[in-house]
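Let's take a friendly walk through a protein model. Have the sequence and the 3D view ready, and look for each feature as it comes up.

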Amino acid sequence: QVQLVESGGGLVEAGGSLRLSCAASGSIFSLNAMGWYRQAPGKQRELVATINSRGRIMYVDSVKGRFTLSRDNAKNTVYLEMNSLKPEDTAVYYCTGGSYLGGYYAASLWGQGTQVTVSS
């Protein structure tokens, strides 16, 4: 079974940038879709961005224009480039693998998460 390992989190000042990486232990071709979730303290988990098998990418409105999701199939790695970071982006970010069911993304595989903290 594919395993996902995130890296790249850390502490950054508001307006700064971070790039999260998600390395899969197996081929990500086997995953219909992949996505990034985040969960801030005291808040519900939020789906941030997804990419399907055709390369179509979707973002939650709050990160559009600031975050970029990309995939490198040769390296079995998915990236989340985060620019113009805001304090409200502070959360644990999770890489996931899953599929689209009825137009909705359903994650079936989760990484361990990586902390992103944005200071004001």
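## Two strands side by side

This is a predicted model, and a good place to begin is residue A23, which stands opposite T77 in β8. Strand β3, covering residues 18-24, is joined to strand β8, covering residues 77-82, by 6 bridges. The two strands run antiparallel.

## The sheet around them

Now zoom out a little. Strands β3 and β8 belong to an open sheet of 4 strands, in the order β1-β3-β8-β7, with antiparallel pairing. Which strands are at the edges? They are β1 (4-7) and β7 (67-72), and each of these pairs on one side only. Going from one strand to the next, the twist averages 15°.

## Rings that meet

Next, look for aromatic rings. How many aromatic pairs does a search of the whole structure find? The search finds 4. One of them is formed by Y37 and Y105, whose ring centres are 6.4 Å apart. Their planes make an angle of 35°, and the pair is tilted. This pair links distant parts of the chain: Y37 is in strand β4 (residues 33-39), Y105 is in strand β10 (residues 104-110), and 68 residues separate them.

Are these two tyrosines buried or exposed? Buried means under 20% relative accessible area. Y37 counts as buried because its relative accessibility is 12%, and Y105 is buried too, at 10%. Ring pairs also bring in further partners, so that Y37, Y94, Y100, Y105 and W110 are linked into a cluster.

## An arginine over two rings

Find R45 and turn the view to see which rings it covers. R45 lies over the face of Y94, at 5.0 Å from the ring centre. The charged end of R45 also sits over the ring of W110, 4.5 Å from its centre. Y94 and W110 are both members of the ring cluster described above.

## The largest pocket

Finally, look for empty space. Rolling a probe the size of a water molecule over the atoms shows where such space is left. The largest pocket has a volume of about 170 Å³.

Which residues line the largest pocket? Among them are L47, V48, A49, T50, M58, Y59 and V60. Y100 and Y105, which you met in the ring cluster, belong to the lining as well. The elements that give two or more residues to this lining are β5 (46-52), β6 (57-59) and β10. The largest share, 4 residues, comes from β5.

Terms used: Residues numbered from 1 in each chain as written. Predicted model: local features only at pLDDT ≥ 70, side-chain atom pairs only at ≥ 80, totals over all residues. Heavy atoms only, no water. Pairing = 2+ DSSP bridges. Axes fitted to C-alpha atoms, helices over the stretch in contact; angles between N-to-C directions. Phe/Tyr/Trp six-rings, centres within 6.5 Å; stacked < 30°, edge-to-face > 60°. Buried < 20%, exposed > 50% of the residue type's maximum accessible area, 1.4 Å probe, protein only. Lys NZ or Arg CZ within 6 Å of the ring centre and 35° of its normal. 1 Å grid on protein atoms, 1.4 Å probe; cavity = no way out; pocket = protein on both sides within 12 Å on 5 of 7 lines; lining within 4 Å. Points joined across faces, edges and corners; volume = space filled by probe spheres on them.
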